[in-house]
Amino acid sequence: MIDTDRLFIRDVRPTDADAFFDFMQREDYWRNLPIDPPTRASMQTLIERRLSEQTATPRVLYILAAVDKATDKVVGEAILRVTNLRHRNGEVGWAVAWHQTGKNLGTEIGRAMIRFGFDQLDLHRISARCRVGNTASQRIMTKLGMQYEGIAREDVNARDEWWSSSQWSILRGDSARP
């Protein structure tokens, strides 16, 4: 679907379940996400949901596999959700397998998803959020040319704890656009 320097970003396939589980089960993946630690059963349900989302009309959710071109292995996930069709708003996200961190793959995924949102889906505004204190994600948002908008106080309840979110965005016309 999307080709970058080092990655193919494509729809999730049924055979991706083990690869996703391998990196999503680690605490460094889910610690800053409002999800419960995945199990094999929850991963299978997640994959099935991703497969059904691929046929939605209109398609408003793209949760994709980021695949290393050199090894043909899933090394992360790429997310773009159209949050409002009328106002042409979307939200992006990314994750990178623990053994691939530090290689700027998160930035490469984020850049690809922003381009996809603006160029293919004709979005006007793309936002991203992360848990306050998630400096790795905030660093990526800065590299992507996103502007910091502020903090949404205690807007997420995850694992019986209220979290605040750091909000960022980029507009189609921004000069820093990837």
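Mentor: "Buried" here means under 20% relative accessible area with a 1.4 Å probe on protein chains only, while exposed is over 50% and partly exposed lies in between. The model is predicted, so local features need pLDDT of at least 70 and side-chain atom pairs 80 or more, while totals for chains, interfaces and linings use all residues. Numbering starts from 1 along each chain as its sequence is written, and side-chain values use heavy atoms, without hydrogens or water.

Trainee: OK, E3: how many of its residues are buried?

Mentor: Strands are DSSP E runs of at least two residues, helices H or I runs of at least four, both numbered from the N terminus. In a regular strand, side chains alternate between the two faces of the sheet. On one side of E3 sit Leu 61, Ile 63, Ala 65 and Val 67, on the other Tyr 62, Leu 64, Ala 66 and Asp 68, and all are buried. That makes eight of eight.

Trainee: Which residue of E3 stands opposite Ile 9?

Mentor: Strands pair if DSSP finds at least two bridges between them. E2 and E3 manage five, in the antiparallel sense. In that pairing, the E3 residue opposite Ile 9 is Ala 66.

Trainee: And which residue in E4 stands opposite Leu 64?

Mentor: E3 and E4 run antiparallel, joined by seven bridges. They form a hairpin with five residues between them, and Asp 72 in the turn has a positive phi of about 60 degrees. Opposite Leu 64 you'll find Ala 78.

Trainee: Zooming out, which strands stand at the edges of the sheet?

Mentor: The sheet is open, with eight strands in the order E1-E2-E3-E4-E5-E6-E8-E7 and mixed pairing. Each edge strand has a single partner, so one side of it is left without a neighbour in the sheet. They're E1 (2-3) and E7 (147-158).

Trainee: Which element gives the largest share of the largest nonpolar core?

Mentor: A nonpolar core is a set of buried Ala, Val, Leu, Ile, Met, Phe, Trp, Tyr and Cys residues joined through side-chain atoms within 4.5 Å. This one has 30 residues, and Ile 9, Val 92, Ile 109, Met 113 and Met 146 touch the most other members. Elements giving two or more residues include strand E3 (61-68) and helix H4 (105-120). The largest share, seven residues, comes from H4.

Trainee: Last one: which element gives the largest share of the lining of the largest cavity?

Mentor: Among the lining residues are Val 12, Phe 20, Arg 50, Ile 63 and Glu 77. Helices H1 (17-24) and H3 (40-53) each give two or more residues. The largest share, three residues, comes from H3.

Note on methods:
1 Å grid on protein atoms, 1.4 Å probe; cavity = no way out; pocket = protein on both sides within 12 Å on 5 of 7 lines; lining within 4 Å.
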